[in-house]
Amino acid sequence: MDSSPYIKQIEVTGLRGSQNIVWELSHGVNILSGINGSGKSTLLQALSVLLRDSGYRPNPVKPIDRIRVTFDNGTVVDSADPASVGGRVCNVDIVSTFDNKLKMLEALQKLSDDRVRSDLDWQLYVACERFIRYQLRIGKQALDIMMNGGDSQSVREMMKGKERFFDIVDSLLGQSGKRIVRGSDEISFTFGHTTLSAYQLSSGEKQLIIILTTVLTQDFKPYVLIMDEPEISLHFDWQKKLIGSIMSLNPNVQLIVSTHSPAMIMEGWIDRVSDMADLIVAE
């Protein structure tokens, strides 16, 4: 979906039963802030369900009466209009950062392997599988280029995204002595004389790999990335560099993120912040 649209506006009616929200978004970075209980996570969860699943259904614990999303190509998806939901109208990824115990653990382990012990491990498994498919895809593309008379420079240009990913991961994990293995089809790391799998990393390191791999494997395509409080478990320095690293890997991503962390906006993103209190509109 190379021409996937971006979100232009999100409208929420009846947040916690009484508040209405209108949020105008840019094509690039969009950061949602607000005090605890202001509804940030509720809004992003409703948005995620609307875009990823068959449409938002009000939840009695975290109620929203209605959510309406307008895209820059004029498409509208409205939870109150069944005809508008149910199809995937944009290329979207959703990254959850909470490392909870897996539900239906046994069934999921059959789909993956016995290293998957938590929600974070499951997301890591999915990210690692995406990385393998990405490696196969760009490898085939490189072979096609060479077989059709292309030069090595064209292949190097195509590989720039992967090399940038490796460089970013090494720069962030380097202080702990870990370096990503660049010659492997799978994600693994050297640590001294030891080779580590991605599942042997800390929670924060796993989270970082999930986010960056998710962005990398979109391969510079326009798409929407939704993240709720990604700073959870991340080192302060990683929080500062996270948004810049994401945008460096894919300048075409529309990032929609909620955060409590001042570090997330310290490297030039303060003008991209919208406070929940400022988005409330009168009925």
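These are legends for five close-up views of a predicted model.

Some ground rules before the views: in this predicted model, local features need pLDDT of at least 70, side-chain atom pairs count only at pLDDT 80 or more, and totals for chains, interfaces and linings use all residues. Residues are numbered from 1 along each chain as its sequence is written, and side-chain values use heavy atoms, with hydrogens and water left out.

**View 1. The open sheet and its strand order.**
Here we have five strands in an open sheet, ordered β5-β4-β1-β2-β13, with antiparallel pairing. Strands here are DSSP runs of E, at least two residues long, and helices are runs of H or I, at least four residues long, both numbered from the N terminus. Two strands count as paired if DSSP finds at least two bridges between them. The edges belong to β5 and β13 (280–281), each of which pairs on one side only. Strand β1 (residues 7–15) runs antiparallel to strand β4 (residues 66–71), and six bridges join them. On its other pairing, β1 meets strand β2 (residues 19–24), again antiparallel, over five bridges.

**View 2. Bridge partners and hairpin turns around β1 and β4.**
Look along β4 and you can read off who faces whom: I10 stands opposite V69, E11 opposite R68, and V12 opposite I67. V12 also has a partner in β2, namely I21. R68 does something similar, with D78 as its bridge partner in β5. That contact is part of the antiparallel pairing of β4 with strand β5 (residues 76–78), which runs over three bridges. Now for the turns. Four residues sit between the strands in the β4 and β5 hairpin, where G74 takes a positive phi near 95°. The hairpin of β1 and β2 has three residues between its strands, and there R16 takes a positive phi near 55°.

**View 3. An aromatic cluster made of F131, Y134, F165 and F166.**
A pair of aromatic rings is described by the distance of the centres and the angle of the planes. The cut-offs used here: rings of Phe, Tyr and Trp (its six-membered ring) pair if their centres lie within 6.5 Å, with planes under 30 degrees apart called stacked, over 60 edge-to-face, and the rest tilted. The structure holds four aromatic pairs. One of them joins F131 and Y134, a tilted pair at 6.4 Å centre to centre with 35° between the planes. Both residues sit in helix α3 (residues 119–147), three residues apart, or about one turn of the helix. F131 also makes a tilted pair with F165, at 5.9 Å centre to centre and 35° between the planes. This one reaches across distant parts of the chain, from F131 in helix α3 to F165 in helix α5 (residues 160–173), 34 residues apart. Are F131 and Y134 buried or exposed? Both are buried, where buried means under 20% relative accessible area, exposed over 50%, and partly exposed in between (1.4 Å probe, protein chains only). F131 has a relative accessible area of 1%, and F165 is buried too, at 1% relative accessibility.

**View 4. The cavity lined by Y134 and its companions.**
Rolling a probe the size of a water molecule over the atoms shows where empty space is left. A cavity, on a 1 Å grid over the protein atoms alone, is a set of points where a 1.4 Å probe fits but cannot get out, and lining residues have an atom within 4 Å of a point. Grid points are joined across faces, edges and corners, and the volume is the space filled by probe spheres set on the points. How many cavities of 30 Å³ or more does the structure hold? Just one, with a volume of about 30 Å³. Its lining consists of Y134, G161, V215, L216, D219, F220, L249 and N250. By class, that lining divides into five nonpolar, two polar and one charged; Ala, Val, Leu, Ile, Met, Phe, Trp, Tyr, Cys and Pro count as nonpolar, Asp, Glu, Lys and Arg as charged, and the others, Gly among them, as polar.

**View 5. Positive phi in the loop between β10 and α7.**
Most residues other than glycine have a negative phi, and most peptide bonds are trans. E229, though not a glycine, has a positive phi of about 50°, and its place is in the loop between β10 (223–228) and α7 (236–249). S233 lies in the loop between β10 and α7 as well, and this non-glycine has a positive phi of about 75°. E229 is buried, at 13% relative accessibility, whereas S233 is partly exposed, with a relative accessible area of 46%.

How values were computed: On a 1 Å grid over the protein atoms alone, a cavity is a set of points where a 1.4 Å probe fits but cannot get out, and a pocket is an open set with protein on both sides within 12 Å along at least five of seven lines; lining residues have an atom within 4 Å of a point.
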